[in-house]
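Got your viewer open and a selection box ready? Load the model and follow along, one pick at a time.

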Amino acid sequence: MSPAELKRAAAARAVALVEDGMRLGLGTGSTAALFVALLGERVRAGLTVVGVPTSEATRMAAEAAGIPLTTLDATPDLDLTIDGADEIDPELRLIKGGGGALLREKIVAAASRRMVVIVDGAKRVETLGRFPLPIEVVPFGLVATTLAVAAAIRSAGCAGPLAVRKGADGTPFVTDGGHFILDAGLGRIPDPEALARALVAVPGVVEHGLFLGLATGAIVAEAADGQPRIVTLGAA
């Protein structure tokens with residue numbers, strides 16, 4: 001099966017978790033986009049929900065799908081967030097931010113009673129770090145911040161190159177919040193909690209893509225004999 005088919009299978013299972021009247025966090029990325037599209041079908045069939053999008057791209061997709069939207073200021077307590085991940089380990093620790101929306105994604109996840117991650121089987125890892133870790137930083141003092149981030153990474157027992165994420169035109173990618181992203185190619189992160197603590201202590205770091213203690217469950221779609229096999233982790 002193709003990755004797209006597996007992602008759709010995970011998204012379809014997640015849509016079944018949504019109940020009438022729920023306040024939802026709507027994730028960002030290719031798998032989350034499939035969830036938004038399928039949720040829109042249920043809304044058009046009569047389901048009543050309201051959603052908080054985690055990016056401008058998700059906001060536009062949700063509006064196109066007919067999903068009523070709100071903000072965290074108006075609705076600060078969410079029932080459920082459904083979002084994808086770039087990596088997930090056996091303890092439901094995540095790397096997120098490949099789509100550049102990690103700051104809003106983490107704020108929304110933290111405001112939710114439950115966060116269920118939807119991924120295909122390729123995103124499951126024993127140790128986080130194969131996917132480059134996104135680190136969102138303010139543009140001011142970028143070189144100084146990059147040096148401090150590199151030192152923080154070393155202090156947590158990790159090593160690897162740091163690069164400013166670039167857009168298609170070769171200029172720095174700018175997040176919805178107006179920040180830049182450093183991608184850290186670490187290979188493996190033996191102690192995610194230690195690295196998270198080190199990164200948040202760096203002035204100029206807005207947020208990082210380690211999502212620790214936020215996911216309450218995961219829906220993983222794997223290929224089995226040409227068909228999707230759903231594996232649930234945690235409270236999914």
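One term before we start: two residues are in contact when they have heavy atoms within 4.5 Å. Keep in mind, too, that this is a predicted model.

**Whole chain.** Show everything as a cartoon and you should find 6 helices and 13 strands. The C-alpha trace spans about 55 × 40 × 35 Å along its principal axes. For 236 residues, a compact globule would have a radius of gyration near 18 Å, and the chain agrees, with 18 Å. Colour by burial and 51% of the 236 residues count as buried. If you plot a contact map, take the contacts between residues at least 6 apart in sequence: 74% of those join residues at least 24 apart.

**Helix H5.** Now select residues 142-155, which make up H5. Run a quick sanity check on its length: 14 residues at 1.5 Å a residue should span 20 Å, and the end C-alpha atoms are indeed 20 Å apart. Next, show side chains for Leu142, Thr145, Thr146, Val149, Ala150, Ala152 and Ile153, which are buried. Because they cover an arc of only 160° around the axis, they sit on the same side of H5. Spin to the other side and you meet the exposed Val143, Ala144, Leu147, Arg154 and Ser155.

What covers the buried residues of H5? Among the elements to light up are strands S7 (133-137), S8 (162-164), S9 (180-184) and S10 (205-208), plus helix H6 (192-200). Before leaving, click Gly157, just after H5, where phi is positive at about 80°.

**Largest nonpolar core.** Select Val18, Phe35 and Leu39: of the 27 residues in the largest nonpolar core, these touch the most other members. At least two core residues come from each of H1 (3-15), S1 (23-26), H2 (30-44), H3 (56-65), S3 (78-83), S6 (112-120) and S12. H1 gives the largest share, 6 residues. Zoom in on Phe35: leaving out residues up to four places away in sequence, it touches Ala11, Ala14, Val15, Val18, Leu26, Ile82 and Ile118. Apart from this core lies another, of 24 residues, including Val125, Ala152, Ile153 and Cys158.

**Last stop, a hairpin.** Pick S12 (residues 217-224) and S13 (residues 227-234), an antiparallel pair joined by 8 bridges. Which residue of S13 is the bridge partner of Ala224? Gln227 is the one to click. The hairpin leaves 2 residues between the strands, and Asp225 in the turn has a positive phi of about 55°.

Terms used:
Residues are numbered from 1 along each chain as its sequence is written. This is a predicted model: local features need pLDDT of at least 70, side-chain atom pairs count only at pLDDT 80 or more; totals for chains, interfaces and linings use all residues. Side-chain values use heavy atoms; hydrogens and water are left out. Two strands pair if DSSP finds at least two bridges between them. Helices (H or I, at least four residues) and strands (E, at least two) are DSSP runs, numbered from the N terminus. A nonpolar core is a set of buried Ala, Val, Leu, Ile, Met, Phe, Trp, Tyr and Cys residues joined through side-chain atoms within 4.5 Å. Buried means under 20% relative accessible area, exposed over 50%, partly exposed in between (1.4 Å probe, protein chains only). The expected span of a helix is 1.5 Å times one less than its number of residues. The arc is that of the directions from the helix axis to the C-beta atoms. The radius of gyration is taken over C-alpha atoms; the globule rule is 2.2 Å times the number of residues to the power 0.38.
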